[in-house]
Amino acid sequence: MDFIILSLIKAAVVAFVLLTALAYLQWIERKVIAHIQLRVGPYRVGPHGLLQPLADVVKLITKEGVIPSHVNKLFYLMAPWMAVVLALISIAVIPFGPQITVGPVTTWMQLTDLRIGILFVLAVSSIGVYGVALGGWASNNKYSLLGGLRSSAQMISYELPLGLAVASPLLLANTLSFREMVAYQDGFWLGFIPRWNVFPEILGFIVFLIAGFAETNRVPFDLPEAENELVAGFHTEYSSMKFAAFFMAEYANMVTVTAVATLLFLGGWLPPFPEPYSDFIPIAVFALGGLIAIYHGLNPARRMDKFTLPVTGLVFLGIAGLFGLSLLVPVLKTILMALFWFCAKVGILLFVFIWVRGTSPRFRYDQLMRFAWVGLFPISMLNLLATGLVVALSSK
Amino acid sequence: MTALIFFIFAGIAVFCAINLVAQTHPIASALSLIGVMGSLAILYLQLGGEFIAAAQVIVYAGAIMVLFVFVIMLLNAGAEGTSLQVSQFAKYLGIVLLAAFLGLISFIIQSMLPRTEGVVFGAFQGGTALDVGRKLFTVYLLPFEVTSVLILIAIVGAIVLARKEI
């Protein structure tokens, strides 16, 4: 098939799935935080609030976009689109799975593979700060300006430990391409411990995650939008889709950080167990989830549960059946297994992001800076030195 | 195709560079400089220097310019007023004369240089991270180390200047 048509199809699929996932990530976040705080969260729009993201999108699009009279118009309008475009671009180099052959077409489950893929993600994320900084400055509002300033200072500071933490697995695998990075992590030590970078590089992984929280402006590092002192921080003056663009950028950055962490440290789409056992885990997970849902549907606690839970259970059983079917069809198995393990790892990391937001209070500004320069930076530096020493000694 | 991309981004680079000088507001100038650096990175990429292109974006556009923007925002620098009062006629004449002068200089320099063959996009293959690293740690090891000592001295100097008592 023509290269351009194939690329367009892949880009369309990835863009559609990513944008839907971003909308539903927000639903999941509200649900998880609600349950942490003993509430139910979105519940009215659709069963269990499942149509809430759709309602939110319609609301944000049809809302009047107010442009305050005192803003610097060009930069004010440019900032949200800059933020969201730069946040979405990184997905182009993220691989979701191995090479697959469907009929006559052989392709990678990835939009494009750069030899400098990891540097590309770092470069795009390092420019991403301008969206927030400009938005804060162009609003001509002291709270927005403070938010933008904090954000740029924070992102410069945390980019250093982030970059150093990324460098250690690069040293081990000796590559800058995501595909080769995952290929390096294939296999098992002693037959059952996966050869993932997270085991030798546990320090680097922790530093990467913490710096990732700061780079995405998430709790406990969400100083740029600290409500109790800055109203809403850098997006105080924004409304309708311009406001939504900042939110989309935040969630897209979260997905990028967790996907990169998965690829660099957690073996990408590779399963955590040796081949024959790992095939049955998705079936077991989905079948068990479906059976639990059907059981609760037969003993309903609320009125609507009689309908919603059995339907969910049947869908889950259907997915389990699909995985069972895939054991007979090799192509389907390659695609489904890669997607399952990749999404499972990214999903667990995203859950950690939400979980931390539900439990941890915000840092004070001086604590934030001291933590980066006195805590994380020396640790990641030492980690990099130790890794370099081991690699140099063992590569003779 | 490659020539088209080259002309687009070379044009953007030149436009941003002129805009950088023409703008009166510091933030607009800083953003133009980012535009220059971004399009330069694309030109490096076309020439096969992929590592240099990535480093250009990460270090210059991503780190140094963020500091520039940060300082401009922190000092809250406003637009500069133009102090020079010149007539419209002189301004337009100046543009034409400047273009002629620069054209003349570039023609003289070009005729003085030895003849070289044109650049072929995609012909140069030694721009990967591996090649750059190998060169840096073998052929250019001494300049590399000397540069890092120089930067260390600059950091220490900045701290000494910034702090009253140590």
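This is a short selection tour of chain A, from its domains to one helix. The model is predicted.

**Stop 1: the two domains.** Select residues 1-62 of chain A; the domain assignment calls this domain 1. Now select 68-270 together with 359-394, which make up domain 2. Place a centroid on the C-alpha atoms of each. The centres of domain 1 and domain 2 of chain A lie 21 Å apart.

**Stop 2: where they meet.** Here, 12 residues of domain 1 of chain A are in contact with 11 residues of domain 2 of chain A. Colour helix H1 (3-36) and helix H2 (52-62) of chain A: each supplies at least two residues of the domain 1 side that touches domain 2. H1(A) gives the largest share of that side, nine residues. Switch to colouring by class. The domain 1 side that touches domain 2 shows 10 nonpolar residues, one polar and one charged.

**Stop 3: along H1.** Keep H1(A) selected; the helix has 34 residues. Its first and last C-alpha atoms are 47 Å apart, close to the 50 Å expected at 1.5 Å a residue.

**Stop 4: the buried residues.** Show side chains for Leu22(A), Leu25(A), Trp27(A) and Lys31(A), which are buried in H1(A). What do the buried residues of H1(A) pack against? Add three helices of chain A to the view: H2, H10 (240-265) and H14 (330-359) are the packing partners. In an α-helix, residues three or four places apart point the same way, because there are 3.6 residues a turn.

**Stop 5: past the end.** Finish at Leu38(A), just after H1(A). Check the backbone there: Leu38(A) takes a positive phi of about 60°.

Technical notes
Residues numbered from 1 in each chain as written. Chains lettered and ligands numbered in written order. Predicted model: local features only at pLDDT ≥ 70, side-chain atom pairs only at ≥ 80, totals over all residues. Domains from an automatic or database assignment. Contact = placed C-beta atoms within 7 Å. Helix = DSSP H or I, 4+ residues; strand = E, 2+ residues; numbered from the N terminus. Nonpolar A, V, L, I, M, F, W, Y, C, P; charged D, E, K, R; others polar. Expected span 1.5 Å × (residues − 1). Buried ≥ 20, exposed ≤ 12 C-beta atoms within 10 Å, placed from the backbone.
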